[in-house]
Amino acid sequence: MPVRLRLQRFGRTHSPFYRMVAADSRSPRDGKFLEIVGTYNPIANKHGIKEIRLKTDRLRYWISVGAQPSNRVAWLLAKFGILPPPPPRFSPNRMIPKKDRGKNK
């Protein structure tokens, strides 16, 4: 059974709140999960702080048994030092202005 670490969306319209869960990759986004491993509130409070709570021991366990984090979860875990940061995206084409991109060919 392939396991993913991903975010489940809760909250109202325009006010999201996420649970970070270990779930079977075939289950739907807000469906059945194996374990809750954290929470994430992307809306900053009045002090400008976004709240995140992680069960680091359980996250390390799931990663050690082969669970694959989603892109956003990998980014969050890299911010807090649980995973190494993902390699930066490199696109040499974006460094050339659009009007000059086709001229080199």
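In the predicted model, five strands form an open sheet with mixed pairing, arranged in the order β4-β3-β2-β1-β5. The edges of this sheet are occupied by β4 (51–54) and β5 (68–69), each of which pairs on one side only. At the β4 edge, the neighbouring strand is β3 (residues 35–41), and the two run in the antiparallel sense with four bridges between them. Within this part of the sheet, Gly38 stands opposite Leu54 of β4.

The sheet belongs to a protein chain that contains three helices in addition to the five strands. Along the sequence, these elements follow one another in the pattern β-β-β-β-α-β-α-α.

The overall dimensions of the protein chain were then examined. Its radius of gyration is 18 Å, whereas a compact globule of 105 residues would have a value near 13 Å. Along the principal axes, the C-alpha atoms fill a box of roughly 55 × 40 × 25 Å. Of the 105 residues, 27% are buried. Among contacts with a separation of 6 or more, 31% involve residues that are 24 or more positions apart in the chain.

The surface and the charged side chains were also characterised. The accessible surface of the protein chain amounts to about 7900 Å², and carbon and sulfur atoms contribute 54% of this area. The side chains include 23 that are positive and 6 that are negative. The centres of these two sets of charges are separated by 8 Å.

Key: Residues are numbered from 1 along each chain as its sequence is written. This is a predicted model: local features need pLDDT of at least 70, side-chain atom pairs count only at pLDDT 80 or more; totals for chains, interfaces and linings use all residues. Side-chain values use heavy atoms; hydrogens and water are left out. The radius of gyration is taken over C-alpha atoms; the globule rule is 2.2 Å times the number of residues to the power 0.38. Buried means under 20% relative accessible area, exposed over 50%, partly exposed in between (1.4 Å probe, protein chains only). Contact means heavy atoms within 4.5 Å. Accessible areas come from the Shrake-Rupley method with a 1.4 Å probe; for residues, only the protein chains shown count as cover. Lys and Arg count as positive and Asp and Glu as negative; His and the chain ends are not counted. The place of a charge is taken as NZ of Lys, CZ of Arg, CG of Asp or CD of Glu. Two strands pair if DSSP finds at least two bridges between them.
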